[in-house]
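Biologist: Before we discuss this entry, please place the structure before us. I should then like to put several questions about it.

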Amino acid sequence: MNLDAFFNPKCIAVIGASRSPEKLGYLILENLKVTFQGKIYPINPNASEILGLACLPSILDIEDIIPDMAIIAVPAAEVKKVLSDCIKKKIKAAVIITSGFSEIGNKEAELELKNMAKGKIRLIGPNCVGIYQKGLDMLFFPRKRLKRPSEGSIAFITQSGAFGSTLLDLVASEGVGVSKFISIGNKIDVNETELLEYLSKDLNTRCIAMYIESIEDGKNFIEVAKRVVKKKPIVVFKAGKTNKGKEAILSHTGSLAGEHAVYSAAFEQAGIIEANTTEELFDFAKALANQPVMNSNKIAIVTNGGGFGIVATDEAVRIGLEVPELSKESIKNLEKFMPAYATKKNPVDLTGDATTERYEKALSVVFKEKEIAGVVCIGLMQIPTLKEDIINVLRECKVYGKPMTICATGGQWTTEKTKILESYGIPVYLMPERAVKSIKALYDYGKILKMK
Ligand code: COA
């Protein structure tokens with residue numbers, strides 16, 4: 001049974017839909033109601049109506065239709081009975097939000113669910129927050145507390161519901177879009193490997209980001225990942241790098257984390273890009289989803305802040321990128337329009353009175369330089385001479401066919417501009433090191449694609 005019932009349902013039942021606005025079963029129904037266009041059946045034996053929708057006591061009482069998917073949010077002791085009803089009703093897919101299984105040592109109950117479901121119904125969870133995508137929001141977080149991202153090209157698989165959801169909130173407020181979000185929790189059935197395969201065929205997804213605590217079918221995962229990375233990049237953040245961290249994983253999703261070095265080696269072998277910090281996960285993903293790969297390690301840095309240019313240069317050299325001298329011809333071209341006090345070498349410093357026009361011309365020179373494979377552009381938006389049309393200039397840089405990452409450090413004014421740039425698929429970073437590391441990810445992925 002494939003996974004379409006999870007991602008293209010026409011009818012959904014919410015089992016454990018609650019009458020109390022603070023309960024998870026209420027919030028799931030509320031968020032589903034404002035996003036999902038299909039039919040919704042709240043199931044609750046103690047209620048006749050919730051949020052204006054007629055309630056039925058059991059899923060077996062639905063007469064006119066078989067829902068494609070059930071969302072289960074009843075206490076752990078009730079899940080077995082509810083799942084058995086779903087199987088009786090021939091429902092194809094269920095997301096079990098409920099906690100209280102192997103993560104607290106309740107392995108037997110979890111195994112029972114797994115065995116019951118085999119060949120009859122597909123399961124996501126338990127102990128998860130489920131799925132978020134355009135038109136399907138089953139997250140139990142109130143929308144005014146957790147912002148949902150716009151539609152974009154990053155798919156995000158997460159073993160931790162809280163880690164995943166709060167990252168969604170963060171990237172949504174930066175203007176970064178997401179194609180699909182899937183929280184897999186204890187993953188007794190659908191796991192990261194099957195999702196990789198599924199997402200590799202998803203036309204809206206251009207990069208797959210993953211937060212992972214454990215992978216049980218390592219060999220298969222590597223085989224699948226090797227195939228998928230030929231089509232689209234995969235970025236993974238693996239948690240549980242220390243013994244204490246591994247202990248914490250056991251009581252979080254009930255899984256065995258394994259040696260981190262083994263995971264790192266496997267990721268490398270599979271052509272997966274590893275994020276070493278939580279920040280790097282989306283930093284890399286948003287560059288990989290939206291920018292072309294970088295064909296060599298030679299970058300140009302263009303800045304309107306001298307110090308930022310130096311920090312970016314240091315970071316580039318530290319991580320194995322080159323900031324080469326520009327050709328005589330390029331320097332001559334820069335001299336034509338740059339003031340005497342501006343630096344016409346790489347890193348190119350347009351100085352604190354840089355205009356949009358100065359950026360436009362300088363970017364054209366460095367992008368056209370044959371040896372330069374990508375550009376890190378530092379655009380400090382606070383300076384008075386920089387006008388709003390800088391956004392169009394940066395947007396137009398895609399004509400050069402080379403990657404670019406932007407660093408824009410600052411507060412509210414800068415954040416507003418960042419959001420606009422992100423909505424055009426231009427990856428923007430708060431700090432120069434992050435912009436440099438993210439362009440390096442484009443170089444690393446370029447090397448992966450060149451490998452046989
Ligand atoms: N079928 C349908 N509805 C049922 C039911 C059943 N067999 N048994 C209970 N219900 C109804 C209840 O009547 C209640 O509705 P009401 O509030 O209108 O009375 C609703 O389902 C919820 O049941 P309740 O007993 O109040 O449970 P709860 O809401 O306190 O807790 C969970 C249920 C699933 C939220 C809780 O067990 C849990 O697992 N919480 C953690 C979940 C989590 O964090 N997951 C993600 C981790 S990343």
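Biologist: How do the residues of the shell around the ligand divide into nonpolar, polar and charged?

Modeller: This is a predicted model, and 24 residues surround its ligand. The closest are Ser 18, Arg 19, Lys 23, Asn 44 and Ser 99. By class, the shell divides into twelve nonpolar, nine polar and three charged residues.

Biologist: Which polar side-chain atom lies 2.5 Å from an oxygen atom of the ligand?

Modeller: Several polar atoms approach the ligand. A polar backbone atom of Ser 99 is 2.8 Å from a ligand oxygen atom, and a polar side-chain atom of Glu 78 lies 3.0 Å from a ligand nitrogen atom. The side-chain atom at 2.5 Å from a ligand oxygen belongs to Lys 23.

Biologist: What share of the area that the ligand exposes when taken alone does the protein bury?

Modeller: The polar contacts of the ligand include the one between its oxygen atom and the backbone of Ser 99, at 2.8 Å. Taken alone, the ligand exposes 960 Å², and the share of this buried by the protein is 75%.

Biologist: Is helix α12 roughly parallel or roughly antiparallel to helix α13?

Modeller: The axes of α12 (residues 328–337) and α13 (residues 356–368) come within 10 Å and cross at roughly 170°. Angles over 145 degrees count as roughly antiparallel. Therefore α12 is, relative to α13, roughly antiparallel.

Biologist: Which residues of α13 make the contact with α12?

Modeller: The residues of this contact comprise four nonpolar, two polar and two charged. On the α12 side they are Ser 330, Asn 333, Leu 334 and Phe 337. On the α13 side they are Arg 358, Lys 361, Ala 362 and Val 365.

Biologist: Where does Pro 347 lie, and what is the omega of the cis peptide bond that joins it to Asn 346?

Modeller: Pro 347 is placed in the loop between α12 and β16 (348–349). Another cis peptide bond joins Gly 125 and Pro 126, with omega of about -5°, and Pro 126 lies in the loop between β7 (122–124) and β8 (130–133). For the bond between Asn 346 and Pro 347, omega is about 5°.

Biologist: What is the phi of Lys 90?

Modeller: Most residues other than glycine have a negative phi. Lys 90, in the loop between α3 (76–88) and β6 (93–96), is not a glycine, yet its phi is positive, at about 65°.

How values were computed. Residues numbered from 1 in each chain as written. Predicted model: local features only at pLDDT ≥ 70, side-chain atom pairs only at ≥ 80, totals over all residues. Heavy atoms only, no water. Near = heavy atom within 4 Å. Polar contact = N/O pair within 3.5 Å; in protein donor to acceptor, adjacent residues only side chain to side chain. Areas by Shrake-Rupley, 256 points an atom, 1.4 Å probe, with all protein chains shown as cover. Nonpolar A, V, L, I, M, F, W, Y, C, P; charged D, E, K, R; others polar. Axes fitted to C-alpha atoms, helices over the stretch in contact; angles between N-to-C directions. Helix = DSSP H or I, 4+ residues; strand = E, 2+ residues; numbered from the N terminus. Parallel < 35°, antiparallel > 145°, perpendicular 65-115°, else oblique. Contact = heavy atoms within 4.5 Å.
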